[in-house]
Amino acid sequence: MRRLLPLLLLALIPAPTAALADGCPPSSCGTTSVAPAGSGVTLIRPAGQQGPADGYDLVTGARKFRLPHGVLAADGRTFVSTRRLKAPTKTIVERYDARTGRLLSRMKIPGTWYVAAVSADGHFVALGWYLKHGVVFAVADKAVRFRRALRGNWEIEALSPDGTRLFLVHWNRSGGYTLENIDTRSGRLRPTRLDEADEKMSGLAQAAVATRDGRWLLTLYLKSGGSTFLHALDLRTGLAHCIDLPLRGAGATVGSTALALSPDERKLYLASPFLGHVTTVDLKRLRVSRDVRFARLPEAQVNIGVGPSAALTPNGRVLGFSGTDRAWLYDTAFGVVHKPGHTLWEIRGIGFRPDGRRLMALGVPGQARAFDAATGEPVR
């Protein structure tokens, strides 16, 4: 299995300026947000998916707390961060409540580790420690349960929900790579399988989202010719599936696509304001079930430092998504994209209030505007 640039490697770059210089897509390293359906808080990630997170109240629009660099669990409840102590050399692994910013637990382990992946419920943490000729990987809950050293250039891609399978990217000297995984019970290293054994994959990873139950890691890939596909990796079985998508474009436009899961996690929505598509993928059948077109934003308006954001109402009936200074509402039942609402500033994050009646659009601290979820009209 061969690819050209895995998403998680991009996300490991700590600052958007360095990341974007290396071609990291806006959805991976630009400012974006996460707002689980029914939550009263949206997390804005101003420095990419591994950077710090600011928690904003979706009623008042005020910032409530800030979390350090780290990884958010797929269920949206747990945020895991690492920080290092110089003397003696140790790493502190901290878990936070992603809804309140409250510190939940702290664990200290010898060595210089970084957090690269978290199980869906935040219970297990995948850690990496780079050495001169290789890397050491570990999986921990309240203590380190697995440790393995590998020679060569490796990266962590994902972790299974029960912590028994660690997915890795292995780079070779020619610049290509393979996807492999380790059974943390036996220590056995093996290739990650595709559902079609003779199929070969190539492309640039643009954005990813994982299901709350820990089953799927869903990654949007862009091929060299401008076509796209969704890589659906089953984190329980280790089997990967490829789903062709109708989206076509360049890195900046495809990379400005927001991914959002329906509350029942049966559907994945890909909202592309600079391509003019809202694409729905049926996760039970693993195929595109609907593709709706709308008037796209000009490519010249792409800001590679600000990625897209998307959120759904608690009942899943309305999808909200943003691009530059606009916020759209999409009726998921009838497949209708409503005329966008405007702000006077760039939208950095969005989320619906817990009752689902208002969409809150957020800019820098102090900039907030609410829109009626039924009409799209601005409200106070």
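This is a short talk on one strand, the cavities and one buried glutamate in a predicted model.

Hi everyone, thanks for coming. Please keep in mind throughout that we are looking at a predicted model.

Let's begin with strand E11, which covers residues 134-140. How many of its residues are buried? The count is 7 of 7. In a regular strand, side chains alternate between the two faces of the sheet. Here both faces of E11 are covered. On one side sit Gly-134, Val-136, Ala-138 and Ala-140, and on the other Val-135, Phe-137 and Val-139, all of them buried.

Now for the partners of E11. Strand E10, residues 125-130, runs antiparallel to E11 and is joined to it by 6 bridges. If you want a landmark for that pairing, look for Trp-129, which stands opposite Val-136. E10 and E11 make a hairpin, with 3 residues between the two strands. Then there is strand E12, residues 144-151, which pairs with E11 in the antiparallel sense over 7 bridges. The landmark here is Val-139, with Phe-146 of E12 opposite. Again we have a hairpin, and 3 residues link E11 to E12.

Next, the cavities. Searching the whole structure turns up 3 cavities of 30 Å³ or more. The largest has a volume of about 100 Å³. Its lining has 14 residues, and the closest to the centre are Phe-274, Val-306, Gly-307, Gly-323 and Thr-324. Sorted by class, that lining has 6 nonpolar, 7 polar and 1 charged residues.

The second largest cavity holds about 60 Å³ of space. Which residues line it? They are Val-34, Pro-36, Ser-39, Val-41, Leu-43, Leu-72, Gly-76, Ala-98 and Arg-99. By class, this lining comes to 6 nonpolar, 2 polar and 1 charged residues.

Last stop: Glu-265. You will find this residue in the loop between strand E22 (258-261) and strand E23 (267-272). Is Glu-265 buried or exposed? With a relative accessible area of 13%, Glu-265 is buried, because the cut-off for that label is under 20%.

So what does Glu-265 touch, leaving aside its neighbours within four places in sequence? The contacts are Thr-211, Arg-212, Asp-213 and Leu-283. For Arg-212 we can be specific: the Glu-265 side chain reaches its backbone nitrogen at 2.4 Å. As for Ile-243, that residue is 22 residues from Glu-265 in sequence, and the two are 17 Å apart in space, C-alpha to C-alpha.

That's my tour, and I'm happy to go back to any part of it on the screen.

Conventions
Residues are numbered from 1 along each chain as its sequence is written. This is a predicted model: local features need pLDDT of at least 70, side-chain atom pairs count only at pLDDT 80 or more; totals for chains, interfaces and linings use all residues. Side-chain values use heavy atoms; hydrogens and water are left out. Buried means under 20% relative accessible area, exposed over 50%, partly exposed in between (1.4 Å probe, protein chains only). Helices (H or I, at least four residues) and strands (E, at least two) are DSSP runs, numbered from the N terminus. Two strands pair if DSSP finds at least two bridges between them. On a 1 Å grid over the protein atoms alone, a cavity is a set of points where a 1.4 Å probe fits but cannot get out, and a pocket is an open set with protein on both sides within 12 Å along at least five of seven lines; lining residues have an atom within 4 Å of a point. Grid points are joined across faces, edges and corners, and a volume is the space filled by probe spheres set on the points. Ala, Val, Leu, Ile, Met, Phe, Trp, Tyr, Cys and Pro count as nonpolar, Asp, Glu, Lys and Arg as charged, and the others, Gly among them, as polar. Contact means heavy atoms within 4.5 Å. A polar contact is a pair of N or O atoms within 3.5 Å; within protein, one must be able to donate a hydrogen and the other to accept it, and residues adjacent in sequence count only if both atoms are side-chain atoms.
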